[in-house]
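The following exercises are to be worked with the sequence and the model at hand. Each task is followed by a solution that proceeds step by step.

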Amino acid sequence: MLIQVCLYFYCKFLWRCMKFVMRKLTGRCELQRICYGTKPGASRTMKIETSLRDSKSKLLQTSVSVHPDAIEKTIDDIMELKKINPDINPQLGISLQACLLQIVGYRNLIADVEKLRREPYDSDNPQHEEMLLKLWEFLKPNTPLESRISKQWCEIGFQGDDPKTDFRGMGLLGLYNLQYFAERDATVAQQVLSDSVHPKCSKFSKTEWEKKKMDKAIGYSFAIVGINITDLAYNLLVSGALKTHFYNIAPEAPTLSHFQQTFCYLMHEFHKFWIEEDPMDIMEFNRVREKFRKRIIKQLQNPDMALCPHFAASEGLINM
C-alpha cells in the first residue's frame, strides 16, 4: 500500500515536471497544446476535462462544474490565470468554450436524467396518465385501448393489467424513453414490437433467420425490455462511458433529447443482437444483455465513436 502511494506521488511529481518542461519548450500551456494539437470531439474534450480536473489551480478544478451562464467569464479568468492574450490566441477561447459547454452539459444531463429516474409514476397525475395512453396510441395506432386497466397492456410488453407497477425501477425515465421511441422512431418501434411478439416473422436479418431453426425463435416483453435498456443507458451515462458518444455528436451541451436518441439506438441494436444470439428461452435474457452491454462499452472506448451519428448533431461539430 505504501509503495502504491509513493508511486502515485512520484508519477504526479514527474508529470508536473514534464508539463513545466513542455511549456518552456513550446511556449504553450497544456490547455493550448491540447486545443491546438487534438481534433475537436471526444478526444479533445476528455483531455481538457482531465487537465482541468487534475490541475493544482482551484479555478481550473472548479471550471468543470460552473453554471452554463458562467462559462464565458470562466474562460476569461483561465486566460488571465495562464497569461494568454485572447487577441493573439482567439481560437483558444472558442475551443475551450466548446469543451466546457460539453463537460458542464454532461454533468447537467446526469442531473436531469436522475431527476426523471427518481420521480415515480403517479396514476393520479394527469400528465403521467396522458403519456402512458399516448404510448399505447403510438405503438398500436389501429387498436383502441378498451380501458385504462386492461390485459391489453401485455400486448406491448407490460407484465400485468396496470403498467404503473412496471415503472418502479426507472421511474418516469422509463416512460419518457418508451414514448420518445414510439413517437419519434415510430416505424422502427412498431416493427421491433411486432418482432418481439412474433419473432418467427421478424423482418430483420432474413438471411440469418433462414439459417435458424424457426421453432425455437424466442420473443420478449417489449416494454419491460425498454425499461431494462433505459437502466443500461442510465448506467452508461452515470459511469461516464457515454462521454465519448456525446462529446462526438453534440457540438455544445448534450441534452435529454440526445440521451433519448441514444436509448432508441440501444433498443434497435439490442433487438438485432437478441435475434443474432438466438437464445433458447427468456431465462437467457440477463446473459444476452450483459454480452450486449460489454459490446457497447467496448465500442465507446474508441475516442472517435458515435453510436448514432445519424441523429443530427454530429454534422454541427465543426473545427472549433
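## Exercise 1: Helix α2

In α2, the residues E30, L31, Q32, R33, I34 and C35 are buried, where buried means under 20% relative accessible area, exposed over 50% and partly exposed in between (1.4 Å probe, protein chains only). This is a predicted model, in which local features need pLDDT of at least 70 and side-chain atom pairs count only at pLDDT 80 or more, while totals for chains, interfaces and linings use all residues. Residues are numbered from 1 along each chain as its sequence is written, and side-chain values use heavy atoms, with hydrogens and water left out.

Task. State how many residues of helix α2 are buried, and describe how α2 packs with α6.

Solution.
1. Helix α2 covers residues 30-37, and 6 of its 8 residues are buried. Helices (H or I, at least four residues) and strands (E, at least two) are DSSP runs, numbered from the N terminus.
2. Two packed helices are described by the angle between their axes and the distance between the axes. For α2 and α6 the angle is about 85 degrees and the axes are 10 Å apart. Axes are lines fitted to C-alpha atoms, for helices over the stretch in contact, and angles run from 0 to 180 degrees between N-to-C directions.
3. α2 is therefore roughly perpendicular to α6. Angles under 35 degrees count as roughly parallel, over 145 as roughly antiparallel, 65 to 115 as roughly perpendicular and the rest as oblique.
4. On the α2 side, L31, Q32, C35 and Y36 meet Q91, L92, S95 and L96 of α6; contact means heavy atoms within 4.5 Å.
5. By class, this contact of α2 with α6 has 5 nonpolar, 3 polar and no charged residues. Ala, Val, Leu, Ile, Met, Phe, Trp, Tyr, Cys and Pro count as nonpolar, Asp, Glu, Lys and Arg as charged, and the others, Gly among them, as polar.

## Exercise 2: Residue L60

Task. Establish whether L60 is buried or exposed, and list the residues that L60 touches.

Solution.
1. L60 lies in helix α4, residues 58-62.
2. L60 counts as buried because its relative accessibility is 2%.
3. Leaving out residues up to four places away in sequence, L60 touches L31, L52, S55, I78, L81 and K82.
4. L60 and I75 are 15 residues apart in sequence, and their C-alpha atoms are 9.7 Å apart in space.

## Exercise 3: Helices α8 and α9

Task. Describe the packing of α8 with α9, then the surroundings of α9.

Solution.
1. Helix α8 (residues 171-184) and helix α9 (residues 186-197) pack at about 110 degrees, with their axes 5 Å apart.
2. α8 is therefore roughly perpendicular to α9.
3. From α8 the contact takes F181, A182, E183 and R184, and from α9 it takes A186, V188 and A189.
4. The classes in the contact of α8 with α9 are 5 nonpolar, no polar and 2 charged residues.
5. The 12 residues of α9 reach 17 Å from first C-alpha to last, close to the 16 Å expected at 1.5 Å a residue; the expected span is 1.5 Å times one less than the number of residues.
6. The buried residues of α9 are V188, A189, Q191, V192, L193, D195 and S196. Their cover includes α7 (126-139), α8, α11 (222-239) and α13 (256-277).

## Exercise 4: Two residues with positive phi

Task. Place K83 and D278 in the chain, and decide for each whether the residue is buried or exposed.

Solution.
1. K83 is found in the loop between α5 (71-81) and α6 (90-118), and its phi is near 55 degrees, a positive value in a residue other than glycine.
2. K83 is exposed because its relative accessible area is 74%.
3. D278 is found in the loop between α13 and α14 (285-300). Its phi is positive, about 50 degrees, although D278 is not a glycine.
4. D278 is buried because its relative accessible area is 15%.

## Exercise 5: The whole chain

Task. Give the numbers of helices, strands and disulfides.

Solution.
1. The secondary structure of the protein chain comes to 14 helices and 0 strands.
2. Of its 320 residues, 46% count as buried.
3. The structure holds 0 disulfides, a disulfide being a pair of cysteine sulfur atoms within 2.5 Å.
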